[in-house]
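This briefing goes through one protein chain by topic. Please look at the sequence and the structure before reading the notes.

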Amino acid sequence: MNIRSFRKEDWLQVKEIYEQGIATGQATFETTVPSFEKWESTIAANLCLVAEDERVIQGWCKISKVSDRCVYEGVGEVSVYVRDVSRGKGVGKQLLQAMIKESEEKGFWTLTAGIFPENIPSLRLHQSVGFREVGIRQRIGKLNGVWRDVVLLERRSQIVGID
């Protein structure tokens, strides 16, 4: 598996993987993939990675800003999506580990994630790379007319922002 920076020509495969995540009903409040321009505009500090094998992109991971306030410049929200046929094979873990390293190199001290409590594999994945549960945001939003909770996770860097 090769982990590398996202390139614009990756978009169609990234979009396909995102659509697969949306279809599960357990990955996001989104019901359709946004336009490339809107999706790309949310990437913080060029922090977007893809995992590819000799055939195709198997997953992607990106960091979004949590706020425009300067005090939060080192805090980002992580998203990770894996192609349906590659889930449970370590792709997500490789992406998150690489993203943690790259985000720390760019000065990020905290990464957050919001995950539906029913998405046990994603919760376990994040916990396996050092995320901890902060709490549950109850009935934070509706998906297809149903109120959903979100587990808020965070990972604090051990090397950035430790002063």
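Where is the place of Ala-45? Ala-45 sits in strand S2, and its phi is near 50°, a positive value in a residue other than glycine. The model is a predicted one. In UniProt, an unreviewed entry places the feature "domain: N-acetyltransferase" at residues 1-154.

**Annotated span**

- The span of residues 1-154 is 29% helix and 38% strand.
- The end C-alpha atoms of residues 1-154 are 26 Å apart.

**Positive phi values**

- Ala-45 counts as partly exposed because its relative accessibility is 38%, which falls between the cut-offs of 20% and 50%.
- Asn-144 also is not a glycine, and its phi is positive at about 55°.
- The loop between strand S6 (132-143) and strand S7 (146-156) holds Asn-144.
- With a relative accessibility of 67%, Asn-144 counts as exposed, since the cut-off for that class is over 50%.
- Two glycines with positive phi follow helices: Gly-25 comes after H1, with phi near 75°, and Gly-107 comes just after H3, with phi of about 90°.

**Helix H1**

- Helix H1 covers residues 11-24, and its 14 residues should span 20 Å at 1.5 Å a residue.
- The end C-alpha atoms of H1 are 20 Å apart, so the expected span and the model agree.
- The buried residues of H1 are Trp-11, Val-14, Ile-17, Tyr-18, Gln-20, Gly-21 and Ile-22.
- These buried residues pack against helix H2 (36-41) and against three strands, S2 (43-52), S3 (57-65) and S4 (75-82).

**Helix H3 and Ser-103**

- H3 has 15 residues, which should span 21 Å at 1.5 Å a residue; the end C-alpha atoms are 21 Å apart, in agreement with that value.
- Buried positions in H3 include Val-91, Gly-92, Leu-95, Leu-96, Ala-98, Met-99 and Ile-100.
- Ser-103 and Glu-104 are also among the buried residues of H3.
- Ser-103 lies in helix H3 (residues 91-105), and Ser-103 is buried because its relative accessible area is 1%, where the cut-off is under 20%.
- Apart from neighbours within four places in sequence, Ser-103 makes contact with Leu-47, Phe-108 and Leu-111.

**Val-78, Thr-112 and His-126**

- Val-78 is placed in strand S4, Thr-112 in strand S5 (residues 110-115), and His-126 in helix H4 (residues 120-128).
- Val-78 is buried, with a relative accessible area of 6%.
- Thr-112 is buried at 14% relative accessible area, and His-126 counts as buried at 3% relative accessibility.
- Residues up to four places away in sequence aside, Val-78 touches Thr-112 and His-126, along with Cys-61, Lys-62, Ile-63, Leu-96, Ala-113 and Phe-131.
- On the same basis of leaving out residues up to four places away, the contacts of Thr-112 are Val-66, Val-75, Gly-76, Glu-77, Val-78, Phe-131, Leu-153 and Glu-154.
- His-126, not counting residues up to four places away in sequence, touches Val-78, Val-80, Leu-96, Ala-113, Ile-115, Phe-131 and Leu-153.
- Thr-112 and Val-134 are 22 residues apart along the chain, and their C-alpha atoms are separated by 9.5 Å.
- His-126 and Val-91 are 35 residues apart in sequence, with 12 Å between their C-alpha atoms.
- Val-78 and Glu-54 are 24 residues apart in sequence, and their C-alpha atoms are 26 Å apart in space.

**Largest pocket**

- The largest pocket holds about 1,200 Å³ of space.
- The lining has 42 residues, and those closest to the centre of the pocket are Ala-27, Ser-79, Val-80, Tyr-81 and Gly-114.
- Which element gives the most to the lining of the largest pocket? S4 does, with six residues.
- Sorted by class, the lining of the largest pocket comprises 19 nonpolar, 15 polar and eight charged residues.

Key:
Residues are numbered from 1 along each chain as its sequence is written. This is a predicted model: local features need pLDDT of at least 70, side-chain atom pairs count only at pLDDT 80 or more; totals for chains, interfaces and linings use all residues. Side-chain values use heavy atoms; hydrogens and water are left out. Helices (H or I, at least four residues) and strands (E, at least two) are DSSP runs, numbered from the N terminus. The expected span of a helix is 1.5 Å times one less than its number of residues. Buried means under 20% relative accessible area, exposed over 50%, partly exposed in between (1.4 Å probe, protein chains only). Contact means heavy atoms within 4.5 Å. On a 1 Å grid over the protein atoms alone, a cavity is a set of points where a 1.4 Å probe fits but cannot get out, and a pocket is an open set with protein on both sides within 12 Å along at least five of seven lines; lining residues have an atom within 4 Å of a point. Grid points are joined across faces, edges and corners, and a volume is the space filled by probe spheres set on the points. Ala, Val, Leu, Ile, Met, Phe, Trp, Tyr, Cys and Pro count as nonpolar, Asp, Glu, Lys and Arg as charged, and the others, Gly among them, as polar. UniProt positions are given in the numbering used here, feature names are shortened, and annotations may be inferred rather than shown by experiment.
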